Amino acid sequence: MEMMKWNEILLPYDQVVNELVLKFQGIQKNYLLLEKHSPIEEVYGRVKSMASILDKANRKNIPMDKITEKIEDIAGIRIICRFVEDINRTIGIIRERNGRDLKIIEEEDYVTKTKSSGYRSYHVTVRYPIITAMGYTEVLAEIQVRSLAMNFWATIEHSLKYKYNGNMPDELQKRLVACAEAAFKLDKEMSTIRDEIMEAQKVIQTKNNLVDEILKNIQSLYYVAKVDKMNQFNMQFIELYQEGNLEKLFSFNKQLKIMAELYKVRFI
Ligand code: 0O2
């Protein structure tokens with residue numbers, strides 16, 4: 001297969017990865033704005049390298065003209081969740097899209113059916129429609145959903161796999177399986193203090209959103225209020241911010257809103 005053809009083959013995958021990453025990041029952002037716990041902690045994606053595609057084709061005896069049909073993870077999306085419980089919620093989000101902007105082809109549950117390597121993750125293979133400069137097409141993409149601990153383990157194990165090129169010493173393999181069990185235990189422990197962690201996360205998000213709002217409100221008042229008054233507000237804000245008391249920050253924002261009414265400024 002010529003070089004140019006590869007570029008054409010991989011072109012839609014690049015766009016699929018970008019679109020899907022953006023969509024899941026959008027959902028994560030929604031949760032943060034609504035000050036709710038987001039099941040999605042982080043999203044990223046990649047197009048499989050040509051070398052890795054060829055390796056897999058070789059390993060699985062896939063003919064060159066069947067690569068896009070048979071290799072399901074040329075476009076790969078990884079969604080990382082803070083807690084194991086969030087994995088199911090995230091899968092629910094993906095299932096909600098089924099028949100809308102994507103079609104689910106297959107689900108593989110390596111969270112409950114752990115691989116012999118110790119690997120845990122939930123894989124959803126989807127068919128995703130896309131329009132590129134070359135026209136309409138549909139390509140396969142693999143969405144991997146896993147917890148932070150599962151991701152930590154998989155990342156380390158993956159690089160070791162590369163290092164040993166399929167000949168990892170038995171002893172190391174055993175230790176990795178033990179590490180996977182430790183990561184699983186960590187996930188279970190974290191789940192027991194989930195409510196407390198989520199509460200702390202909510203307080204941080206409320207504070208971030210409030211600070212954003214205050215700063216935008218101060219900015220709007222700058223155009224109409226007296227400079228001295230605004231400098232005073234700025235100083236007051238810095239003091240309150242350093243003190244970190246949410247109640248005081250809320251009532252300071254109220255003051256800004258009263259002032260906005262006086263000056264007839266439209267606030268957020
Ligand atoms: P990359 O892109 O470098 O991550 P199988 O024949 O079923 O074992 P298959 O057909 O490749 O594997 O499908 P599967 O099981 O869905 O695996 C696809 C991807 O899942 C892999 O991509 C890995 O990203 C991840 N994965 C699966 N098993 C393991 C594992 O034991 N350890 C780690 N770290 N990751 C795993 P690739 O092909 O490895 O490439």
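How much space lies in the second largest pocket? About 280 Å³. This is a predicted model, and the briefing below covers its strands, pockets, cavity and aromatic rings. The largest pocket holds about 1,600 Å³ of space. Strand E5 pairs with strand E2 and with strand E4, and E5 also gives residues to the linings of the largest pocket and the second largest pocket.

**Strands**

- Strand E2 covers residues 75-81 and strand E5 covers residues 135-147.
- E2 and E5 run parallel, joined by seven bridges.
- One residue of this pairing is Ile-77, whose bridge partner in E5 is Ile-143.
- Strand E4, residues 122-132, pairs with E5 in the antiparallel sense.
- Eleven bridges hold that E4 and E5 pairing.
- Across from Leu-140 in E5 stands Arg-127.
- The link from E4 to E5 is a hairpin of two residues.

**The second largest pocket**

- The second largest pocket has 15 lining residues.
- Pro-12, Thr-68, Thr-137, Glu-138 and Val-139 are the closest to its centre.
- Helix H1 (3-33), helix H3 (67-70), E4 and E5 each give at least two residues to this lining.
- E5 supplies the most, with six residues.
- By class, the lining of the second largest pocket has seven nonpolar, four polar and four charged residues.

**The largest pocket**

- In the largest pocket, the lining is made of 43 residues.
- Nearest the centre lie Lys-48, Lys-56, Arg-59, His-158 and Lys-161.
- Two or more lining residues come from each of strand E1 (42-47), helix H2 (50-59), E2, E5, helix H5 (148-164) and helix H6 (170-192).
- H5 has the largest share of this lining, at eight residues.
- The lining of the largest pocket divides into twelve nonpolar, 15 polar and 16 charged residues.

**The cavity**

- One cavity of 30 Å³ or more is present in the structure.
- The largest cavity has a volume of about 50 Å³.
- Its lining consists of Gly-118, Tyr-119, Arg-120, Met-150, Trp-153, Ala-180, Ala-183, Phe-184 and Asp-187.
- H5 and H6 each bring at least two residues to the lining of the largest cavity.
- H6 gives the most, with four residues.
- Six residues of this lining are nonpolar, one is polar and two are charged.
- Two of the lining residues, Arg-120 and Phe-184, also make a charge-over-ring contact: Arg-120 lies over the face of Phe-184, at 3.8 Å from the ring centre.

**Aromatic rings**

- The structure has four aromatic pairs.
- Phe-233 and Phe-252 form an edge-to-face pair, because their planes stand at 65 degrees, over the 60 that this class needs.
- The ring centres of Phe-233 and Phe-252 are 5.7 Å apart.
- This pair links distant parts of the chain, with Phe-233 in helix H8 (residues 227-243) and Phe-252 in helix H9 (residues 246-263).
- Along the chain, Phe-233 and Phe-252 are 19 residues apart.
- Phe-233 has a relative accessible area of 3%, so it is buried.
- Phe-252 is buried too, because its relative accessibility is 1%.
- Phe-237 and Tyr-241 have ring centres 5.9 Å apart and planes at 40 degrees, so this pair is tilted.
- Phe-237 and Tyr-241 are four residues apart in helix H8, which means that about one helical turn separates them.
- Phe-237 counts as buried because its relative accessibility is 8%, under the 20% limit.
- Tyr-241 counts as partly exposed because its relative accessibility is 40%, in between the 20% and 50% limits.
- Phe-233, Phe-237, Tyr-241 and Phe-252 are linked by ring pairs into a cluster.
- Tyr-241 also has a charge over its face: Lys-207 lies at 4.8 Å from the ring centre.

**Ser-49**

- Ser-49 sits in the loop between E1 and H2.
- The relative accessible area of Ser-49 is 40%, so this residue is partly exposed.
- Ser-49 and Ala-182 are 133 residues apart along the chain.
- Their C-alpha atoms are separated by 31 Å.

Notes:
Residues are numbered from 1 along each chain as its sequence is written. This is a predicted model: local features need pLDDT of at least 70, side-chain atom pairs count only at pLDDT 80 or more; totals for chains, interfaces and linings use all residues. Side-chain values use heavy atoms; hydrogens and water are left out. Two strands pair if DSSP finds at least two bridges between them. On a 1 Å grid over the protein atoms alone, a cavity is a set of points where a 1.4 Å probe fits but cannot get out, and a pocket is an open set with protein on both sides within 12 Å along at least five of seven lines; lining residues have an atom within 4 Å of a point. Grid points are joined across faces, edges and corners, and a volume is the space filled by probe spheres set on the points. Ala, Val, Leu, Ile, Met, Phe, Trp, Tyr, Cys and Pro count as nonpolar, Asp, Glu, Lys and Arg as charged, and the others, Gly among them, as polar. Rings of Phe, Tyr and Trp (its six-membered ring) pair if their centres lie within 6.5 Å; planes under 30 degrees apart count as stacked, over 60 as edge-to-face and the rest as tilted. Buried means under 20% relative accessible area, exposed over 50%, partly exposed in between (1.4 Å probe, protein chains only). A charge sits over a ring if NZ of Lys or CZ of Arg is within 6 Å of the ring centre and within 35 degrees of the ring normal.
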